[in-house]
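Biologist: I am new to reading models like this one, and I would like a close look at a single part. Could you walk me slowly through the place where the two chains touch, and then show me how it fits into the rest?

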Amino acid sequence: MTRFLRTRPYAFALVLAVILLIANIVAQPAFGNPSNWPETLAIFAPFAIAAIASTPAIMSGGGGIDISIGPLMTVIDMVIVADLLPHGLGSPWIVVPFCLVAGAAVGAINGTLVTVLRFQPVVATLCMNFILTGLATQIEGSVTPQGSTWWTNDLSSSFGAIPGGLISIAAVLLIWFGLSRTAYLRNLYATGGDDAAAFSAGVDVTRVRILAYTIGGLFAGIGGLALMAVLKEGEASDATMYTLVALAAVALGGTAFTGKRGSLIGTLFGAACMYLITNVLSTANVPDTWSDAVYGGLLLIAVIISAGLANATQVRTA
Amino acid sequence: MTTITAARQLASRHLVADLQRRFPLLQVAALVVLYLVGVVTVPGWTTHSTLMSMLIMAALLGIAGAGQTIVVLGGGIDFSVGAFITAGGVFITVLTSVDHWPAWAAIVFSLAVAVAGGALNGVTSFRFRIEPLVVTLGVGALLDGVLTGWVGGAVNGTPPAWTNSAVSVTTSTFGIPLPPIVSIWIVLAVIAGIVLARTRAGRSLYLNGTNPVAARRALVRTGWTWTAGFIVSAVLATFAGILLAGEGGGNLGAGDPYLFQALTAVIVGGTMFGGRGDYWRTVLGALILTVVTYLLEAHNYSTGVQEMVYGLLIMIVVALYGRERKIRDRV
């Protein structure tokens, strides 16, 4: 068992997610009822995608991190609700490409700042965090903009039999699966493991890293759409919360912040754990005011165990 | 001929870079220029009360950023600063006004919590080799949650009167015409400057930040140094929170905006991860940030624009003096 947990960085999050899922169903039998799944998945989707979008930058190593994912999703949500929908531009043929292009563009700028201009990743994405939060606040104005349209309503419930939340998560995973068929993912792991060695072996480290941030931004674009579908309004103040929760989910999913190991699927399980913890706390008999404390404590313990397991297999260098 | 000119240009460029490394030249220049812009464009910029309120804001930012500076120099990062600032404000407000503790007891209790929380940050990240960003995120979430549970969802009570006078523009410290918080900040800056540059503890911190393996070989007690950095960070953040109580703090979530603001002060000042920088630079960073904020407010820019300017400001500043080495130079 311990060996199983140690050799697979995502295993701890997977086991924990299954336990929490059972706990949720025991605490609230309706949770297991398929008719509630579309709603659950719609709420889970922006949260899971925020975490997944944070992963490629971290995997690219060299202290890589993207703390502008939350604000990026918020800005995209805001632009759809406040600018596109009121001007009759709510067709999916306009909104979806906008989300993808805007997300990828911001990610590419982050990647360029980190690699070409050689900024520290935390610093570069902190700048972007400020700029995007400012932009979201500026667009929001004094009245919280609201809006939705037929297909975004479906995205927050279901398209026929398929839950909308499942579609946005699947879109992200499919893009990643497509990349895993190319050499890109291996180059990303090589770069994250030891950038100097990867560079010496002929990997174009700069390009690999710019792409990692761009992919993160692209995912955040999809996440922004999922966020808009479920919120139906633009709220600038939520941005930081999404960033921090996403990073915790990445850590819980067994991705090392040094870039040496990690996986997207682990992050998905990590995000599932955090969502299920919140959910079980709100249904179990924990007093409302103390649920944050229990959440914080569980998060800390889970992250320590997960990172501890991941580190136990690493060769100690010093 | 052209090669000689090129060589001269290169040499002079290196001269500026060398100077910049030893002394925060660009930061001082930026501060002076920004201040002069204020003098020219904003009426009433040089009055005593404007000056004092700027210093008060800079002092809050500077005290909150002092701990972050130390952690960053040691090679870590502290994302629990916001939670500790909140804790300081909430403890001083609730313990004195609801539970009727004397002020000194409330302060001692807050700082004791800070020592425990900082030690939890440091020991956990060092012992289990977990990224400090993740650990401090978790400890911050735990502390925020415990505070919410303890006060039952919302703070009832008012901060003690002396926290208001500590951050009031009209007060003075023992006859010196400066608000107490500014005097405290000056003392803190002098102590931090001396400790970082002249003591064994300070030098250990720099060495640990630059290269932890080399530091251990040089008999630096890396675990102690690392943990002490986080304890100092938590204590100073809590202290800033206590002072902030008089400035609209003392509520749940009051410290949250200060996490990124204090980090910005550190970065704009020119302290970079792993042993480059000092506290004087953070002092300059806090002053620059304050002057920029006041300038934007005086010209009626909205908070959205202010944040965008913050972002661009850090970008420009870091492009000028905070960049990493090229990968082909590290092979």
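Modeller: Here is a walk that starts at the contact between the chains and then moves outward.

Please keep in mind from the start that this is a predicted model. Let us begin with the contact itself. On one side there are 50 residues of chain B, and they are in contact with 41 residues of chain A. Which elements of chain B give two or more residues to the side that touches chain A? They are helix H6 (132-151), helix H10 (212-217), helix H12 (256-269) and helix H14 (303-321). Of these, H14(B) supplies the largest share, with 13 residues. If you sort the residues on this side of chain B by kind, you find 27 nonpolar, 13 polar and 10 charged.

Now pick out one residue, Ile314(B), and see what surrounds it. Setting aside neighbours within four places in sequence, Ile314(B) is in contact with Val123(A), Leu126(A) and Cys127(A) from chain A, and with Thr264(B), Ile267(B) and Val268(B) from chain B. So which larger group does this residue belong to? Ile314(B) is a member of the largest nonpolar core, which has 204 residues. It is also among the residues that touch the most other members, together with Ile49(A), Ala248(A), Cys273(A), Leu60(B) and Val134(B). The element that gives the most to this core is helix H11 (residues 205-231) of chain A, with 17 residues. As a general background, nonpolar side chains in soluble globular proteins tend to be buried together.

Next, step back to chain B as a whole. Its secondary structure comes to 14 helices and 0 strands. Its C-alpha atoms fill a box of roughly 80 × 55 × 40 Å along the principal axes. The radius of gyration of chain B is 21 Å, which agrees with the value near 20 Å for a compact globule of 331 residues. Buried residues make up 50% of chain B. Of the contacts in chain B with a separation of 6 or more, 76% are between residues 24 or more positions apart.

Two helices of chain B are good ones to trace with your finger. Helix H11 (residues 222-244) of chain B has 23 residues and reaches 33 Å from its first C-alpha to its last, close to the 33 Å expected. Because 20 of the 23 residues of H11(B) are buried, this helix is largely enclosed by the rest of the structure. Helix H5 (residues 103-127) of chain B has 25 residues and reaches 36 Å, close to the 36 Å expected. The buried residues of H5(B) include Ala106(B), Val113(B), Gly117(B), Leu120(B) and Thr124(B). Just after H5(B), Arg129(B) takes a positive phi of about 50°.

That angle leads to a small side trip. Most residues other than glycine have a negative phi. Leu219(B) has a positive phi near 65°. Leu219(B) lies in the loop between H10 and H11 of chain B. With 8 other C-beta atoms within 10 Å, Leu219(B) is exposed. In chain A, Arg118(A) has a positive phi of about 60°. Arg118(A) sits in the loop between helix H5 (92-115) and helix H6 (121-140) of chain A. Here 16 other C-beta atoms lie within 10 Å, so Arg118(A) is partly exposed.

To finish, look at the partner, chain A. Its secondary structure comes to 14 helices and 2 strands. The radius of gyration of chain A is 19 Å, close to the 20 Å that the globule rule gives for 318 residues, so this chain is as compact as a globular protein of that length. The C-alpha trace of chain A spans about 55 × 45 × 35 Å along its principal axes. In chain A, 53% of the residues are buried. One loop residue to find there is Gly64(A), in the loop between helix H3 (37-59) and helix H4 (69-84) of chain A. Is Gly64(A) buried or exposed? Gly64(A) is buried, with 28 other C-beta atoms within 10 Å. Leaving aside neighbours within four places in sequence, its contacts are Ala57(A), Ile58(A), Pro121(A), Ala212(A) and Gly259(A).

Conventions. Residues numbered from 1 in each chain as written. Chains lettered and ligands numbered in written order. Predicted model: local features only at pLDDT ≥ 70, side-chain atom pairs only at ≥ 80, totals over all residues. Core = buried A, V, L, I, M, F, W, Y, C linked by C-beta atoms within 7 Å. Buried ≥ 20, exposed ≤ 12 C-beta atoms within 10 Å, placed from the backbone. Helix = DSSP H or I, 4+ residues; strand = E, 2+ residues; numbered from the N terminus. Contact = placed C-beta atoms within 7 Å. Nonpolar A, V, L, I, M, F, W, Y, C, P; charged D, E, K, R; others polar. Expected span 1.5 Å × (residues − 1). Rg over C-alpha atoms; globule rule 2.2 N^0.38 Å.
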